[in-house]
Amino acid sequence: MSVKRHPTKFLREEYLALAEQDLDWKLKTVEGPSKPITVVEGKEVLLLCSNNYLGLATHPKLIEAAIEAAKEYGVGSGAVRAISGTMSLHMELERRLARWKRAEAALTYPTGFMVNSGLIPQLVDKGDLIVSEELNHGSIIDGCRLSRADRVIYRHTDMEHLAQVLDEAERHKPPYRRILIITDGVFSMDGDIAPLDEIVKLAEEHGAMVYVDDAHGEGVLGEGGRGIVSHFHLNHDQVHVDMGTFSKAYGTVGGHICGSEDLIRFAWNKSRTWLLSSSLPPPVVAATIAAIDVLETEPWHVRNLWKNTNYFRKAVQDLGFNTGRSQTPIIPIIVGESSKAKKLSEKLYERGIYVTPIVYPMVARDQARIRIQMHAQLTQEDLDRVIEALEEIGRELEII
Ligand code: PMP
């Protein structure tokens, strides 16, 4: 006789356990487009928590390109890349992306998560070492977990610690076959920038590969928004895997890597998430090509993003808010306790400003915050409205 068990009871129990601790996700529905002013659950709000930094998700050139591609090629690719899902549009996007990023070659994946989860375990295996930054994105963490390589975490942006870890790795017996250093470019909860130039130097001393996740650096950092490799004046002989996603500043969706021809051929023959998952739909690919066009020909989007970022961050710092280590359009306002972050977010929402709280387990228990993501199309008037609301609510909640 088998044990009497209820096959799905855990579903409710585990959800309720999260809900009891207020750790469950409460979804808010955005009823308009992802624009600086939109409608969330019937209420017009200023949207301050979107990755659509430059507003390209609703740029007329991208919309037009998507419509035209849907008419010409349809709305789905019909297959994985290796069967019949490589359309001329995918090839064009990869050529354009490589040229834009000044890399030898590029490859697109269905999502950024799928790059990290599908490529990392192919780059390193048993007998290899992954040296991973403490605050890396969850998709990198999952990618590392799927690999059989040894793993060491180095402390956040701590180059002495990284050097020490690499020195110790040299003494490992038998010697490691490969070493992979992997880091976010811009850290998504704090908005600070990885010291990629120093990482590259250490990697060169130890013969290690460098892999950067530039999800929040593209369209933001570097010449014209080319990303972190350009920001530090590096090249793809030094940063071997330059990974990113079109789901942030490019305004569409889809993961990608840029690097050498060798990397690209290796990746497409080996990543299971590339080989076994259908390719991006034609309207998305065409819109992404248009996004690169816009970045190349309309430099004011990136300029506006930085103008807004610098103005807003200084104003909230002057009010006494703690913006942590922010150096980019990701601007956290760190308040400490989860309940305070939630209150701040609720009160802002009441005043028509939508920004979600970020609490444990996404950040440490005493580091709860709201995370503002700046937008190129917010006006000075919009920003002043947010600053005024923050000042009043901040005093009321005794944050400042
Ligand atoms: N890396 C980082 C740093 C991210 O912020 C994200 C998106 N949340 C991803 C990877 C995953 O990208 P995608 O949304 O394309 O799956």
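Across the whole of this predicted model, a search for salt bridges finds 25 of them. As a general point, side chains of opposite charge can pair when their charged atoms come close.

**Stop 1: the salt bridges of D190**

Select D190 together with R325, and you will find a salt bridge in which the closest N and O atoms are 3.2 Å apart. This pair links distant parts of the chain, since D190 sits in the loop between β6 (179-184) and α8 while R325 sits in the loop between α13 (300-318) and β10, the two being 135 residues apart. Colour the pair by accessibility and the partners fall into separate classes: D190 is buried, at a relative accessible area of 7%, whereas R325, at 40%, is partly exposed.

Keep D190 selected and add R369, whose side chain meets that of D190 in a salt bridge with an N to O distance of 3.1 Å. Because R369 belongs to strand β13 and D190 to the loop between β6 and α8, this contact ties together parts that are 179 residues apart in sequence. Is R369 buried or exposed? With a relative accessibility of 2%, R369 counts as buried, and the cut-off that places it there is under 20%.

Before leaving the charged pairs, select D22, D24, K26 and K342, which are joined into one network by salt bridges that share partners.

**Stop 2: the sheet that holds R369**

R369 also leads into a sheet, so select β10, β13 and β12 next, because R369 lies in strand β13. These three strands form an open sheet in the order β10-β13-β12, and their pairing is antiparallel. The edges are taken by β10 (330-336) and β12 (357-358), each of which has a single partner strand, so that one side of each is left without a neighbour in the sheet. Zoom in on β12 and β13 (residues 368-373), and you will see two strands that run antiparallel and are joined by two bridges. Which residue of β13 is the bridge partner of I358? The partner is R369, the residue whose side chain also meets D190 in a salt bridge.

**Stop 3: a nonpolar patch**

Follow the chain from β12 towards β13 and select M362, which is placed in the loop between these two strands. M362 has a relative accessible area of 33% and is therefore partly exposed. Now add W25 and L27 to the selection, and show the surface: together with M362 they make a nonpolar surface patch of about 400 Å².

**Stop 4: a sheet with mixed pairing**

Select β1, β2 and β11, which make up an open sheet of three strands in that order, with mixed pairing. Here the edge positions belong to β1 (37-40) and β11 (353-354), and each has a single partner strand, so one side of each is left without a neighbour in the sheet. In general, the strands of a sheet pair through backbone hydrogen bonds, either parallel or antiparallel.

Start with β1 and strand β2 (residues 43-47), which pair in the antiparallel sense over four bridges. Within this pairing, I37 stands opposite L46 of β2, and V40 has K43 of β2 as its bridge partner. Between the strands of this hairpin there are two residues, and E41 takes a positive phi near 45°.

Then move to β2 and β11, where the pairing is in the parallel sense and is made over two bridges. L46 deserves a label at this point, since its bridge partner in β11 is I353, while I37 stands opposite L46 as well.

**Stop 5: a negative patch and a salt bridge**

Select D167, E168, E170, E204 and E205, which form a negative surface patch. Which helices supply at least two residues each to the negative patch? They are α7 (159-170) and α8 (196-206). The largest share, three residues, comes from α7, while E204 lies in helix α8.

To finish, select D158 and R155, whose side chains meet in a salt bridge with an N to O distance of 3.3 Å. D158 counts as partly exposed at 22% relative accessibility, and R155, at 45%, likewise counts as partly exposed.

How values were computed:
Residues are numbered from 1 along each chain as its sequence is written. This is a predicted model: local features need pLDDT of at least 70, side-chain atom pairs count only at pLDDT 80 or more; totals for chains, interfaces and linings use all residues. Side-chain values use heavy atoms; hydrogens and water are left out. Patches are made of residues with over 30% relative accessible area and no salt bridge: like charges are joined within 9 Å, nonpolar side chains (Val, Leu, Ile, Met, Phe, Trp, Tyr) within 5 Å. Accessible areas come from the Shrake-Rupley method with a 1.4 Å probe; for residues, only the protein chains shown count as cover. A salt bridge is a side-chain nitrogen of Lys or Arg within 4 Å of a carboxyl oxygen of Asp or Glu. Lys and Arg count as positive and Asp and Glu as negative; His and the chain ends are not counted. The place of a charge is taken as NZ of Lys, CZ of Arg, CG of Asp or CD of Glu. Two strands pair if DSSP finds at least two bridges between them. Buried means under 20% relative accessible area, exposed over 50%, partly exposed in between (1.4 Å probe, protein chains only).
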